[in-house]
Amino acid sequence: MRAQPKASHFIDGEYVEDDAGTVIESIYPATGEVIARLHAATPAIVDKAIASAKRAQVEWAAMSPMARGRVLKRAAEIMRERNRELSELETLDTGKPIQETIVADPTSGADAFEFFGGIAPTALNGSHIPLGSDWAYTKRVPLGVCVGIGAWNYPQQIACWKGAPALASGNAMVFKPSENTPLGALKIAEILIEAGLPKGVYNVIQGDRATGPLLVEHPDVAKVSLTGSVPTGRKVAAAAAGHLKHVTMELGGKSPLIVFDDADIDSAIGGAMLGNFYSTGQVCSNGTRVFVHKRIRKEFLGRLKARTEKIVIGDPMDEATQMGPLVSRAQLDKVLAYIDKGKAEGATLITGGGIPNDVSGDGCYVQPTVFADVTDGMTIAREEIFGPVMCVLDFDDEAEVIARANATEFGLSGGVFTADLARAHRVVDRLEAGTLWVNTFNLCPVEIPFGGSKQSGFGRENSAAALEHYTELKTVYIGMGPVEAPY
Ligand code: NAD
């Protein structure tokens, strides 16, 4: 098997196996080939990982932020040196084309280690509070053992986006990747050890929806950061609330992208295509409801159709391929069912709408699909599809489109394309979402906070803001004189 790791889990600095766990098959979605066979963590493995993190966290937190940062920055360098190898593994794990993974996956993970390694010595400072002759100070302290639970669309990036701020703050982490993409996180754990991370500070265990609760409920876990769907978020947040644990929830979306009639149409189409077709549409922040002003609708759809039909679908390892398969057969079936619903509910199919003819075998391929004449009540306009299915809706009034864009339980992201600066600011100000873009879409460099509002979650990843979610404030009051008690 071409991507078989040494063992399923990485605990206390080494690979560990426990054959008693349920078998997890890692399937390359471009061919259906089984590329690795692993085991879900048994309760004994979960205990071992958390015990190792608990022990190692004490030593790690005692190091200076500067020393911790140095390890993370070294990990970033190693990831960049091995970008090709890591990108190929990411492509095998997910089916995403190498053209994407080589620029967007290990590099984005490396950015997180570099950024948090770099800010650790300054961003964790506390404050001094003068109180007359007395005074107080605050310090940011780590939470302890943090659990990261990942989705399958960006397995290496998620492992790093959670690991980097957690570790920079002096926590230890037990990370569980999605059962669909178990491979990448193991390499991140290996690289961290090579960079000088003390054993046990970053551990990876495999598992599925049955394993997650063992981590969330564990009494030695202080915090859970989940990237996943809204239904999973509700379960994980409820379980964590039972123990009053800290949580970060990075969940799903059905985000609006609004194109006004004064927009640069080619840029808007480019933004809409990136925000619907990148990673075969499996991006949480995608702008899947594209509201286009009625005056430019015809031109927009004509150019969009022509560009969409030129997308090169095929072998993800071929550098010329622009779109690979979906992550799994289950995801393919789900996306095809949504396409059928779009047709049945009366949306106009502009292009795509099925399985491409020219890619053979057991690959989980679907055509990039555009529906027009989509109305707000249609299932494809309300539910997260998580595939390359763009819904184009018409509008002709600013206030109307803002109200319609906000009429959703989700609030992850949003975007606006317009040449009118005042309108751009006015509209993004009124859109109910955590991350917004003007005249671009889906750019998430590590320097900016990322996260959702409403049912799309809470807490923020990336930027210095993420450190607030991996630390708590300790206040120390210093009495400088005798205590004056009234009794
Ligand atoms: P999912 O919710 O099915 O699974 C996410 C993870 O949670 C997996 O590792 C799974 O094993 C685990 N899990 C499932 N049930 C659990 C439970 N009860 N307790 C603990 N863990 C449990 O999501 P998915 O299908 O892997 O990913 C797609 C979803 O993730 C989409 O909704 C997408 O929008 C979302 N997503 C969000 C972001 C973001 O940053 N906001 C990023 C990527 C993906």
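**Figure 1. A network of salt bridges links Asp266, Glu299, Arg303 and Arg307.** A salt bridge here is a side-chain nitrogen of Lys or Arg within 4 Å of a carboxyl oxygen of Asp or Glu. The model is predicted, so local features need pLDDT of at least 70 and side-chain atom pairs count only at pLDDT 80 or more, while totals for chains, interfaces and linings use all residues. Residues are numbered from 1 along each chain as its sequence is written, and side-chain values use heavy atoms, with hydrogens and water left out. Within the network, the side chains of Arg307 and Asp266 meet in a salt bridge, N to O, at 3.9 Å. This pair links distant parts of the chain, 41 residues apart: Arg307 is in helix H11 (residues 297-308) and Asp266 in helix H10 (residues 265-277). Helices (H or I, at least four residues) and strands (E, at least two) are DSSP runs, numbered from the N terminus. Arg307 counts as partly exposed at 32% relative accessibility, and Asp266 also counts as partly exposed, at 39%. Buried means under 20% relative accessible area, exposed over 50%, and partly exposed in between, with a 1.4 Å probe and protein chains only.

**Figure 2. Glu194 and Arg82 form a salt bridge through their side chains.** The N to O distance is 2.5 Å. Glu194 lies in helix H7 (residues 184-194) and Arg82 in the loop between helix H2 (65-81) and helix H3 (83-94), so the salt bridge ties together parts that are 112 residues apart in sequence. Glu194 is partly exposed, with a relative accessible area of 46%. Arg82 is partly exposed as well, with a value of 22%. The structure holds 30 salt bridges.

**Figure 3. Lys454 forms a salt bridge with Glu432.** The closest N and O atoms of the two residues are 2.7 Å apart. Lys454 belongs to strand S20 (residues 453-454), and Glu432 to the loop between helix H15 (421-430) and strand S19 (435-438); the pair links distant parts of the chain, 22 residues apart. Both ends are partly exposed: Lys454 has a relative accessible area of 35%, and Glu432 is at 39% relative accessibility.

**Figure 4. The ligand is surrounded by 28 residues.** A residue is near the ligand if one of its heavy atoms lies within 4 Å of it. The closest residues are Gly150, Glu179, Ser229, Thr232 and Glu384. By class, the shell has 12 nonpolar, nine polar and seven charged residues. In this grouping Ala, Val, Leu, Ile, Met, Phe, Trp, Tyr, Cys and Pro count as nonpolar, Asp, Glu, Lys and Arg as charged, and the others, Gly among them, as polar.

**Figure 5. Side chains of Lys176, Ser229 and Glu250 approach oxygen atoms of the ligand.** A polar side-chain atom of Ser229 lies 2.7 Å from a ligand oxygen, and one of Lys176 lies 2.9 Å from a ligand oxygen. For Glu250, an N or O atom of the side chain is 3.3 Å from an oxygen atom of the ligand. Taken alone the ligand exposes 850 Å², of which the protein buries 91%; accessible areas come from the Shrake-Rupley method with a 1.4 Å probe, and for residues only the protein chains shown count as cover. Helix H8 (212-216), strand S10 (223-227) and helix H9 (230-241) are the elements that give two or more residues to the shell around the ligand. H9 gives the most, with three residues.

**Figure 6. Asn171 is buried in a loop.** The loop runs between helix H6 (155-168) and strand S8 (172-176), and Asn171 has a relative accessible area of 0%. The side chain of Asn171 reaches the backbone oxygen of Tyr470 at 2.8 Å. A polar atom of that side chain also lies 3.0 Å from the backbone oxygen of Ala166. Polar contacts are pairs of N or O atoms within 3.5 Å; within protein, one must be able to donate a hydrogen and the other to accept it, and residues adjacent in sequence count only if both atoms are side-chain atoms. Not counting residues up to four places away in sequence, Asn171 touches residues including Gln57, Trp60, Pro142 and Val201, where contact means heavy atoms within 4.5 Å.
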